[in-house]
Amino acid sequence: MNSSVTLEWKAVCKVDEILPGTGVGVRLPEGQAALFRTRDGQLHALDNMDPFSRANVISRGLLGSLGGTRVVASPLYKQHFCLETGKCLEDETVSLTVYPVRQRGELVEVAVG
Amino acid sequence: MGFAFTLFNSWQAETVKGDIPMTKQKVLLVGHGMVGQRFLEALADRGGLDHYDVTILCAESRPAYDRVGLTRYFTERDADALSLVPDGFMAQPGLTLKLSTRVREIDRHARVVITEAGERLDYDKLVLATGSYPFVPPIDGNDRPNCFVYRTLDDLDEIIAAADQARIGTVVGGGLLGLEAAKALHDLGLETHVVEFAPRLMAVQVDDLGGGLLKDKIQALGVTVHTNTGTRAIVDGEQHRHRMDFGEDRHLETDIIVFSAGIRPEDSLARACGLELGERGGVVIDDYCVTSDPDIFAIGEVALWQGRIFGLVAPGYQMAETAAARLCADSEPSFQGADMSTKLKLMGVDVASVGDAHGQTPGARSAVFFDQSTGVYKKVVVSECGRKLLGAVLVGDANDYGNLLQLCLNQIDLPGEAAALIAPAAGDAPMLGADALPDSAQICSCNNVSKGALCAAIDDGATTVGDLKACTKASATCGGCAALVKQVLDSELAKRGVEVNNHVCEHFPYSRQEIYHLVRVGEIKTFDELLEKHGSGDGCDICKPLAASVLASCWNDYVLSKPHASLQDTNDYFLGNMQRDGTYSIVPRVPGGEITPDKLIVLGEVAKKYDLYTKITGGQRVDLFGARVEQLPEIWKILVDAGFETGHAYGKSLRTVKSCVGSTWCRYGVKDSVGTAIQVEDRYKGLRSPHKIKMAVSGCTRECAEAQSKDVGVIATDKGWNLYVCGNGGMRPRHADLLVSDLSDQQLIRTIDRFLMFYIRTADRLQRTSVWLENLEGGLDYLKQVILDDSLGIGDELEAQMQQVIDTYQCEWKTTVEDPQAVKRFKHFVNDDVADDNLHYVRERGQRRPAYEHERIELVQQEG
Ligand SMILES: Cc1cc2nc3c(=O)[nH]c(=O)nc-3n(C[C@H](O)[C@H](O)[C@H](O)COP(=O)(O)OP(=O)(O)OC[C@H]3O[C@@H](n4cnc5c(N)ncnc54)[C@H](O)[C@@H]3O)c2cc1C
Ligand code: SF4
Ligand code: SF4
């Protein structure tokens with residue numbers, strides 16, 4: 001991340017608490033994130049709130065790829081969101097906030113500030 | 001939206017009419033039946049509404065509906081579904097529809113029509129489309145209560161009401177409509193009889209041998225047929241309402257009588273105003289549908305052309321087109337007679353007749369194939385020279401209908417010996433591919449759609465039968481040509497180089513059926529292995545759950561074991577149905593809908609403790625809504641301890657086996673429907689399949705469990721179980737087909753084993769059994785061959801595979817609550833044990849439900 005603002009990192013869980021290919025919900029000081037671990041071990045964090053249903057369910061979506069874009073599918077109405085940019089593939093006016101994530105040793109950290 | 005649109009249009013219609021009243025001529029259409037509606041559509045299509053204001057006088061209380069599909073009303077009970085009038089159609093400027101308005105008189109000199117209510121309407125042009133009325137034979141007592149005819153929705157409503165109190169129903173007349181009426185009575189649960197004066201059924205369409213076979217088949221379905229039987233009088237019965245006296249001491253007692261002894265043209269208006277009629281009725285028309293009065297047209301079943309009445313809808317539609325064209329000063333098309341070939345399914349028996357079925361053409365010769373054991377009768381009639389097909393009769397197997405009809409209509413030289421056309425070895429029969437047909441070949445005779453018209457629609461982008469149906473109306477009326485339409489479509493798409501692919505998604509270039517095969521043959525046990533060997537990329541929300549389901553159908557591992565867990569969509573992952581606020585529902589299995597009071601109390605207590613919204617489902621169980629993800633294991637622990645198992649309401653798998661109480665309590669029950677339902681439900685619970693599966697068992701033919709709307713429906717008779725398959729309720733209802741009757745308990749289970757496994761092996765992703773069957777090449781007959789005759793030799797294998805799944809069954813919730821590792825995953829936050837703080841509820845009717853968006857905003861403000 002090449003940003004002028006200093007990021008405040010918060011440890012949220014151990015890496016092996018997330019089954020590869022799935023996600024978990026994360027409680028942040030403000031709001032919630034969906035934290036994913038892909039099958040090949042990459043980590044991504046997005047907003048947990050599904051903008052279409054306004055329910056906090058993104059963490060429970062299925063991971064996959066569509067035409068090379070890695071996505072999560074909302075479990076309620078099945079829209080796809082890009083794991084890297086948060087953009088909704090079906091409706092370009094909608095996107096999810098992306099949170100920076102990193103792994104330090106066993107721990108996964110999400111940037112909150 | 002639709003409503004607002006209609007309002008707007010009708011307002012517009014009024015103003016437009018007000019502006020230019022003088023330039024337009026007035027057309028009165030008498031009768032808004034099938035043909036009347038087609039006339040309006042044809043007139044509108046030709047721009048006729050710019051020149052004419054049309055007032056439609058409709059005696060019935062409903063606008064035009066699909067009379068051909070009338071019998072569907074018995075099962076669907078939905079009059080709107082039969083409507084032929086597209087939304088917004090009547091709102092077009094220039095159309096005024098008057099319902100429940102019967103015309104009493106036509107005054108041709110004053111050019112005025114007078115309705116029964118006394119309203120006078122003048123006309124420039126009059127179109128008679130009054131159809132026919134059912135002929136009721138002049139038998140003493142034919143006007144007793146509970147004597148009906150079979151023509152309108154109102155007739156059907158009366159029959160349905162009367163059937164409630166009745167046990168026996170009798171149809172007078174064994175023609176096409178009579179048999180359809182008999183089927184309806186049979187479906188209503190009545191002991192059904194058909195009384196026919198002639199020596200055979202369907203005397204008009206089929207010959208003696210075919211009629212005899214039809215009788216056997218129909219009797220086998222439980223309808224008693226009395227041929228060569230005339231009714232002398234109808235009097236009071238001893239056991240039942242009526243006694244039909246047949247003379248010579250023969251009689252029949254019955255509660256309901258439906259007359260279906262033919263139709264007569266509804267020509268009384270024409271007669272009274274002196275239009276030329278035929279000797280036996282019918283309004284005489286010329287090739288342009290004009291009657292003896294140049295300002296009056298007659299179309300449909302009321303019209304008589306060259307001495308003939310046409311009692312089918314297709315010729316009526318052609319007349320409608322002709323009359324509309326004439327009003328628009330077009331001389332094309334003219335009416336040139338019509339083909340009376342028909343194909344139908346009567347009580348599950350295929351019957352078809354093509355062209356000159358009785359071989360009345362001079363010099364005609366015929367060839368017959370008759371197999372009593374399979375119940376198939378086929379006859380072809382060929383010309384003296386043997387080169388042309390003149391007609392055909394098919395009973396028991398009408399798959400050749402499309403082929404024969406095309407040979408006959410297009411007068412194509414026969415590809416070989418006449419007998420070969422109906423030879424039993426279908427593979428060797430000289431088939432006429434869709435390619436061999438000329439562009440002018442008429443594919444759909446109901447709606448007069450040629451092959452050329454289909455090709456044009458395909459050029460315009462149609463790629464499915466549904467598309468073609470929507471834009472050309474092909475196969476939209478009787479459906480007899482659907483198979484042929486599909487053939488034309490496939491061959492045309494192939495010609496245009498369009499590859500019709502049914503790949504599940506971009507990661508697997510295979511259909512679901514092929515993936516199933518790969519998994520089973522390659523003994524693939526995980527998604528990773530499948531992806532590595534046969535796929536590409538990461539997978540997605542389409543192929544992952546599909547793979548999970550196929551793997552479970554084949555090997556039945558615990559769905560949440562590590563390699564499978566990441567494939568499950570959230571419902572399967574958390575073993576509950578996610579609701580709109582992200583919480584889940586809980587549906588314990590209640591096999592057959594039978595539940596002890598103690599267990600019911602447990603459900604009540606759990607619901608109360610966790611404040612779960614409680615609702616009874618259509619599948620005879622209890623649905624508890626609003627459980628948060630972290631509550632699921634503790635709630636299920638209580639339920640499992642009380643002896644409940646998961647109901648798999650979240651899975652594409654067996655849902656419920658609904659049952660009526662049957663012989664356990666019901667005075668009509670002939671078998672233990674509850675016991676059988678429980679046995680069946682216990683057997684197939686947890687079976688993963690391409691889509692959900694619903695079943696039902698009824699204890700007698702009254703069918704209180706609605707088994708015929710299920711994927712698998714079982715109905716008890718005194719001879720055993722009748723097995724119905726591939727029915728559907730829901731969004732696209734479909735009546736189930738009878739697969740086989742009179743099964744023993746053991747035969748029933750084996751047959752269902754085979755049927756289900758065959759479906760699981762061959763269906764596409766998310767394809768319910770109904771759609772699967774519709775797409776199965778060879779249809780029901782093929783299915784019967786595979787399941788009953790074991791034509792593929794896979795019967796034992798299917799049973800063995802099913803047994804393996806059954807032997808490895810485990811209740812996923814039991815396994816889950818006993819596994820501390822698995823329970824851990826049921827958390828909303830990985831880093832906190834608290835609940836999601838975004839759930840807001842409102843109480844309604846004494847229970848809780850998630851707040852709607854506007855309520856939520858208020859609630860959040862109050863809380864904040
Ligand atoms: C159960 C059933 C199954 C059928 N199955 C098939 C099939 O499989 N294939 C096939 O081709 N055909 C079938 N038919 C026949 C087909 O329905 C008719 O050919 C078709 O409906 C004829 O259309 P029509 O407009 O001429 O008459 P109708 O549809 O009968 O319409 C005539 C309308 O005029 C009204 N009317 C009569 N007199 C007056 C008056 N004085 N004032 C105002 N209105 C009046 C009537 O109430 C009626 O609504 C079936 C018919 C029935 C009943
Ligand atoms: S279907 Fe079942 S409940 Fe209905 S009458 Fe028959 S046995 Fe009784
Ligand atoms: S019919 Fe529609 S609203 Fe009702 S339960 Fe089914 S999906 Fe939900």
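## Close-up views of two ligand sites and two sheets

**View 1. Side chain and backbone meet the oxygen atoms of ligand 1.** In this close-up, an N or O atom in the side chain of B:R67 sits 2.9 Å from an oxygen atom of ligand 1. Please keep in mind that the model is predicted. The backbone takes part here too: an N or O atom in the backbone of B:V35 is 2.9 Å from an oxygen atom of ligand 1, and for a backbone N or O atom of B:M34 the distance to a ligand 1 oxygen atom is 3.3 Å. How much of ligand 1 does the protein bury? On its own the ligand exposes 990 Å², and 94% of that is buried by the protein.

**View 2. The shell around ligand 1 is drawn from two domains of chain B.** Two elements of chain B each supply two or more residues to this shell, namely helix 2 (34-45) and helix 6 (176-187). Which of the elements gives the most? Helix 2 of chain B does, with three residues. The shell counts 28 residues in total, and those that come nearest to the ligand are B:V35, B:E60, B:R151, B:E301 and B:V313. By character, the shell around ligand 1 splits into 13 nonpolar, eight polar and seven charged residues. Domain 1 (10-133 + 265-327) and domain 2 (147-261) of chain B each contribute at least three residues to the shell.

**View 3. Ten residues of chain B surround ligand 2.** Four cysteines belong to this shell: B:C660, B:C666, B:C700 and B:C704. The glycines are B:G662, B:G669 and B:G699, and B:Y668, B:R702 and B:E703 complete the set. Sorted by character, the residues around ligand 2 are five nonpolar, three polar and two charged.

**View 4. Strands 4, 5 and 6 of chain B form an open antiparallel sheet.** The strand order in this sheet is 4-5-6. Its edges are strand 4 (103-107) and strand 6 (120-122) of chain B, each of which pairs on one side only. Ignoring direction, neighbouring strands here are turned against each other by 25 degrees on average. What holds the strands of a sheet together? Strands pair through backbone hydrogen bonds, in either a parallel or an antiparallel manner. Between strand 5 (residues 112-115) and strand 6 of chain B, the antiparallel pairing runs over three bridges. One residue pair to look for is B:V113 with its bridge partner B:L121 in strand 6 of chain B.

**View 5. Strands 13, 14 and 15 of chain B make up another open antiparallel sheet.** This sheet has the order 13-14-15. Strand 13 (233-236) and strand 15 (250-254) of chain B lie at the edges, each pairing on one side only. The average turn between neighbouring strands of this sheet is 30 degrees, direction ignored. Five bridges link strand 14 (residues 242-247) of chain B to strand 15 of chain B in the antiparallel sense. Which residue of strand 15 stands opposite B:M244? The residue is B:L252.

Notes:
Residues are numbered from 1 along each chain as its sequence is written. Chains are lettered from A and ligands numbered from 1 in the order in which they are written. This is a predicted model: local features need pLDDT of at least 70, side-chain atom pairs count only at pLDDT 80 or more; totals for chains, interfaces and linings use all residues. Side-chain values use heavy atoms; hydrogens and water are left out. Two strands pair if DSSP finds at least two bridges between them. Helices (H or I, at least four residues) and strands (E, at least two) are DSSP runs, numbered from the N terminus. Axes are lines fitted to C-alpha atoms, for helices over the stretch in contact, and angles run from 0 to 180 degrees between N-to-C directions. A residue is near a molecule or strand if one of its heavy atoms lies within 4 Å of it. A polar contact is a pair of N or O atoms within 3.5 Å; within protein, one must be able to donate a hydrogen and the other to accept it, and residues adjacent in sequence count only if both atoms are side-chain atoms. Accessible areas come from the Shrake-Rupley method with a 1.4 Å probe; for residues, only the protein chains shown count as cover. Ala, Val, Leu, Ile, Met, Phe, Trp, Tyr, Cys and Pro count as nonpolar, Asp, Glu, Lys and Arg as charged, and the others, Gly among them, as polar. Domain bounds come from an automatic or database domain assignment.
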